[in-house]
Amino acid sequence: MRRLGRLTAGLAAVTALSVGASGCVTVHGELEVLPGATESEAAQALEDFTAAYNEADKAYDPALDADRVTGSLGAINQAGLKARRKTGPGGNAAHKPLELTDADFVIPKKVGWPRWFLADTDSNRDEDGGKLDTRWLLVFVRTGPDTPWKAAYLAAVAPSRVPEFQKDADGWAEPVPSAETDEVLATAPAELSRTYTAYLEKGAPDVFAPGATTSGWRDARKNVRRAGFSYQYIDQPLDEGAFAPLGLRTKDGGALVFFSSRHFERQTAAEGLRPTVTPDVRALLTGEVKSTLTKERVSSQLVHVPERGDGDAGKVSVLNRLPGLVAAEGS
C-alpha cells in the first residue's frame with residue numbers, strides 16, 4: 001500500500017508539545033518537582049474548555065475552541081467540526097450545552113514544563129446511576145507559563161472502572177515514568193502506541209486482554225465481506241509531541257495511561273463498482289473516488305496497565321477508545 005502522504009501531512013501541522021509519559025521535561029532551568037497545577041487553576045481550565053467547546057459545537061466552528069484542544073482530542077474535535085460545518089452550515093440546531101460537574105482533579109507533581117492534570121468529571125451526556133452512567137476523564141496540558149491549558153485526551157468510563165490513584169501525603173499524584181517500569185508494569189507506558197498498533201496488525205505482542213477494541217477488532221477486520229470490494233488496514237503509532245502518552249500510578253501497583261494511535265482503512269472496488277461516500281466522509285475528502293476510498297482516523301485509548309504477572313492477570317485492559325475521522329482520500 002503506497003504511502004499516504006497527503007493524509008498524514010495534516011497531523012504534522014498540529015501544534016507540537018514535548019509531553020512524555022514520564023513528565024520529566026526540564027526547560028528554563030526549572031529543576032524543582034512541583035504540582036502541575038493548583039486546584040483553582042484546574043477548575044478554571046475545565047470551565048474555559050467547556051465554554052469554548054459549547055460555543056464551537058453550537059456554531060459548528062472549529063476556530064472557537066481551537067486554542068482549548070490539542071493532541072488526539074484536538075485532531076478529532078477540529079476535523080469533526082470542520083465536517084459538520086460543511087454538512088450543516090447553519091450551525092447545530094440540536095445543540096445541547098455540555099455540562100461537566102462533580103469534578104475531582106488528579107494533579108501529578110513533576111519537573112518543569114509541560115505540566116498536566118486529570119479532571120474526573122460527571123457529564124450530562126449519560127444516565128446518572130444507571131447502566132449507562134459514566135465518568136468523563138479529561139487530560140489537560142500546558143506547555144508554559146504564558147500558554148493556555150488545552151484538553152489533550154478524553155475518555156468515558158463506568159465509575160467503577162476509575163481506579164484509585166497513588167498520592168503522596170499532600171494529595172499529589174505520581175506520574176508514571178517511561179523508564180524504570182519494565183520490571184514493574186506488564187508493558188512500558190511509553191511504548192503503548194507502538195505495542196497496540198503492532199498487535200492490531202500482527203497479533204503480537206500479545207499483551208492486551210481480549211475485548212472489542214483488541215481481539216474483537218482484529219476478528220472483525222478479518223471477517224469483513226462485501227461482494228466486489230476488498231479492504232486493507234494500516235495502523236501507525238502516534239506517540240510524539242502533542243500525542244505523547246500520559247500516565248498515573250494507581251494504588252494497585254499498576255498505571256492508568258492515555259495514548260494515541262492512527263488508523264487507515266482502504267476500500268477498493270472491482271471494475272464497475274464504486275465505494276460509497278457518506279456526507280461526513282465527503283466533507284473531509286480530497287481527490288475523486290473512482291475505485292478506492294481511504295479513510296484516516298485518529299484514536300485515543302485509555303488503558304489500565306497492571307503489574308507484571310502471569311496470564312490474563314498481567315494483560316493491559318482497554319477501558320475506552322475514542323476514534324474520529326480526520327481525513328479521507330479518493331482515487
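Student: Let's start with two helices. Which residues of helix 5 do Tyr196, Tyr199, Leu200, Glu201 and Lys202 in helix 4 meet?

Tutor: Happy to begin there, and please keep in mind that this is a predicted model. The helix 4 side of the contact consists of Tyr196, Tyr199, Leu200, Glu201 and Lys202. Across from them, the helix 5 residues are Ser215, Trp217, Arg218 and Arg221.

Student: How do the residues of that contact divide into nonpolar, polar and charged?

Tutor: Tyr, Leu and Trp count as nonpolar, Glu, Lys and Arg as charged, and Ser falls among the polar ones. Sorted in this way, the contact of helix 4 with helix 5 has four nonpolar, one polar and four charged residues.

Student: Are helix 4 and helix 5 parallel, perpendicular or oblique to each other?

Tutor: Two packed helices are described by the angle between their axes and the distance between the axes. Here the axes of helix 4 (residues 192–202) and helix 5 (residues 215–222) come within 9 Å and cross at roughly 40°. Angles under 35 degrees would count as roughly parallel, and 65 to 115 as roughly perpendicular. The angle of this pair therefore makes helix 4 to helix 5 oblique.

Student: Is the crossing of helix 4 and helix 5 left-handed or right-handed?

Tutor: The angle of roughly 40° is given without a hand, so handedness is a separate item to look up. For helix 4 and helix 5, the crossing is right-handed.

Student: Where do the buried residues of helix 5 lie around its axis?

Tutor: The buried residues in helix 5 are Trp217, Arg218 and Arg221. They cover an arc of only 100° around the axis, so they are on the same side of helix 5.

Student: What covers the buried residues of helix 5?

Tutor: Helix 4 is part of the cover. Strands contribute to it too. The elements include helix 4, strand 7 (229–238), strand 9 (255–269) and strand 12 (317–330).

Student: Which peptide bond in the loop between helix 4 and helix 5 should I look at?

Tutor: Most peptide bonds are trans. Pro205 sits in the loop between helix 4 and helix 5, and a cis peptide bond with omega of about 0° leads into it. The two residues joined by that bond are Ala204 and Pro205.

Student: What is omega for the cis peptide bond between Trp113 and Pro114?

Tutor: You can find Pro114 in the loop between strand 3 (109–111) and strand 4 (115–123). The cis bond joins this proline to Trp113, and omega is about -5°.

Student: Is Tyr60 buried or exposed?

Tutor: Tyr60 is found in the loop between helix 2 (39–59) and helix 3 (71–87). Its phi is near 50°, a positive value in a residue other than glycine. Its relative accessible area is 12%, and the cut-off for burial is under 20%. Tyr60 is therefore buried.

Student: And Asp102, is that buried or exposed?

Tutor: Asp102 is placed in strand 2. Asp102 also has a positive phi, about 50°, although it is not a glycine. Its relative accessibility is 56%, and over 50% is what the class requires, so Asp102 is exposed.

Student: How does Asp104 count: buried, partly exposed or exposed?

Tutor: Asp104 belongs to strand 2 (residues 100–106). Leaving out residues up to four places away in sequence, Asp104 touches Leu118, Ala119 and Asp120. With a relative accessible area of 38%, between the 20% and 50% cut-offs, Asp104 is therefore partly exposed.

Student: Which residues does Pro148 contact, leaving aside its neighbours within four places in sequence?

Tutor: Pro148 is in the loop between strand 5 (135–142) and strand 6 (150–157). At 34% relative accessibility, it counts as partly exposed. Its contacts are Asp67, Arg68, Val141 and Arg142.

Student: How far apart are the C-alpha atoms of Val289 and Gly330?

Tutor: Val289 lies in the loop between strand 10 (285–287) and strand 11 (292–305), and is buried at 7% relative accessible area. Not counting residues up to four places away, Val289 touches Arg274, Pro275, Val277, Gly330 and Ser331. Val289 and Gly330 are 41 residues apart along the chain, and their C-alpha atoms are separated by 4.0 Å.

Methods
Residues numbered from 1 in each chain as written. Predicted model: local features only at pLDDT ≥ 70, side-chain atom pairs only at ≥ 80, totals over all residues. Heavy atoms only, no water. Helix = DSSP H or I, 4+ residues; strand = E, 2+ residues; numbered from the N terminus. Buried < 20%, exposed > 50% of the residue type's maximum accessible area, 1.4 Å probe, protein only. Contact = heavy atoms within 4.5 Å. Axes fitted to C-alpha atoms, helices over the stretch in contact; angles between N-to-C directions. Parallel < 35°, antiparallel > 145°, perpendicular 65-115°, else oblique. Arc of directions from axis to C-beta.
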